[in-house]
Amino acid sequence: SSFVINWEINPNAVKGASTLQLVAEDADENQVELLEESGKNAVQLQVNIGGDLDIESSTYSSTDFFTSHTAHIVSFTMECQGKALKDAKLRSSVIYGGAAVYDAPVSYDEEGYSISWTTDHRASPSGTYTVRVFRETDQSKAEENEEWKQK
């Protein structure tokens with residue numbers, strides 16, 4: 001006999017090769033290591049976390065002449081191998097003219113992710129704005145690596 005386990009990989013997991021170890025959890029939430037048939041070694045599976053992302057996005061900027069601020073909204077969804085990536089912890093940086101002009105959190109709801117910010121009209125020249133989105137875990141790793149390099 002056999003059984004099937006279906007699970008979704010946490011979108012905040014670090015990309016690359018990893019080991020998945022199976023455990024059972026009792027009613028008191030105590031974890032019990034599952035062992036191979038020999039009873040000696042823990043059940044472990046080699047996995048590769050990652051894949052190509054399919055991203056669909058839309059943008060909006062207000063154009064009302066009678067207000068003093070411009071509202072910017074970027075909405076997007078992400079999928080990997082046909083499965084929606086949900087609840088990823090993301091941050092964003094808005095780039096204009098090669099310089100970061102705004103850092104914004106990324107919110108998530110059942111329809112997808114969104115980034116929004118407002119600026120004074122005078123501080124919002126027309127042109128192309130680039131929004132870079134990254135996982136908080138990747139930013140933390142990059143900051144740790146930079147700190148390590150400086151030591």
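# Why these labels apply

User: What makes Tyr 113 buried rather than exposed?

Analyst: Tyr 113 has a relative accessible area of 2%, and buried means under 20%, exposed over 50% and partly exposed in between, with a 1.4 Å probe and protein chains only; Tyr 113 is therefore buried. This is a predicted model, in which local features need pLDDT of at least 70 and side-chain atom pairs count only at pLDDT 80 or more, whereas totals for chains, interfaces and linings use all residues. Residues are numbered from 1 along each chain as its sequence is written, and side-chain values use heavy atoms, with hydrogens and water left out.

User: How confident is the predictor, and which elements have the lowest and highest mean pLDDT?

Analyst: On the pLDDT scale, which gives the predictor's confidence in each residue from 0 to 100, the protein averages 82, and 84% of the residues score at least 70. Among the elements, helix 1 (residues 136–150) has the lowest mean, 63, and strand 10 (residues 107–109) the highest, 94. Helices (H or I, at least four residues) and strands (E, at least two) are DSSP runs numbered from the N terminus, and the protein has one helix and twelve strands, in the order β-β-β-β-β-β-β-β-β-β-β-β-α.

User: How many aromatic pairs are there, and what makes the pair of Tyr 108 and Tyr 113 tilted?

Analyst: Rings of Phe, Tyr and Trp (its six-membered ring) pair if their centres lie within 6.5 Å, and planes under 30 degrees apart count as stacked, over 60 as edge-to-face and the rest as tilted. By this rule there are four aromatic pairs. The centres of the Tyr 108 and Tyr 113 rings are 4.7 Å apart and their planes stand at 50 degrees, so this pair is tilted. Tyr 108, with a relative accessible area of 30%, is partly exposed, whereas Tyr 113 is buried. Ring pairs also link Phe 76, Tyr 108 and Tyr 113 into a cluster.

User: Which residues of the largest nonpolar core touch the most other members, and which strand gives the most to this core?

Analyst: A nonpolar core is a set of buried Ala, Val, Leu, Ile, Met, Phe, Trp, Tyr and Cys residues joined through side-chain atoms within 4.5 Å. The largest one has 13 residues, of which Phe 76, Met 78, Leu 90, Val 106, Tyr 113 and Ile 115 touch the most other members. Strand 6 (69–80), strand 8 and strand 11 (112–120) each supply at least two residues of this core, and strand 6 gives the most, with four residues. With contact taken as heavy atoms within 4.5 Å, and residues up to four places away in sequence not counted, Tyr 113 touches residues including Phe 76, Met 78, Leu 90, Val 106 and Tyr 108.

User: Why does Ser 92 count as buried, and which backbone oxygen lies 2.8 Å from its side chain?

Analyst: Ser 92 lies in strand 8 (residues 90–96), and it counts as buried because its relative accessibility is 1%. A polar contact is a pair of N or O atoms within 3.5 Å, where within protein one must be able to donate a hydrogen and the other to accept it, and residues adjacent in sequence count only if both atoms are side-chain atoms. The oxygen in question belongs to the backbone of Ala 104, at 2.8 Å from a polar atom of the Ser 92 side chain.

User: Why does His 72 count as buried, and which side chains are joined to it by polar contacts?

Analyst: His 72, found in strand 6, has 7% relative accessibility and therefore counts as buried. Its side chain has a polar contact of 3.1 Å with that of Ser 61 and one of 3.5 Å with that of Thr 119.

User: What makes the phi values of Glu 29 and Asp 87 worth noting?

Analyst: Most residues other than glycine have a negative phi. Phi of Glu 29 is near 65 degrees, and that of Asp 87 is about 60 degrees, a positive value although Asp 87 is not a glycine. Glu 29 sits in the loop between strand 2 (23–25) and strand 3 (31–33) and is exposed, because its relative accessible area is 60%. Asp 87 is in the loop between strand 7 (83–84) and strand 8, and its relative accessible area of 49% makes it partly exposed.
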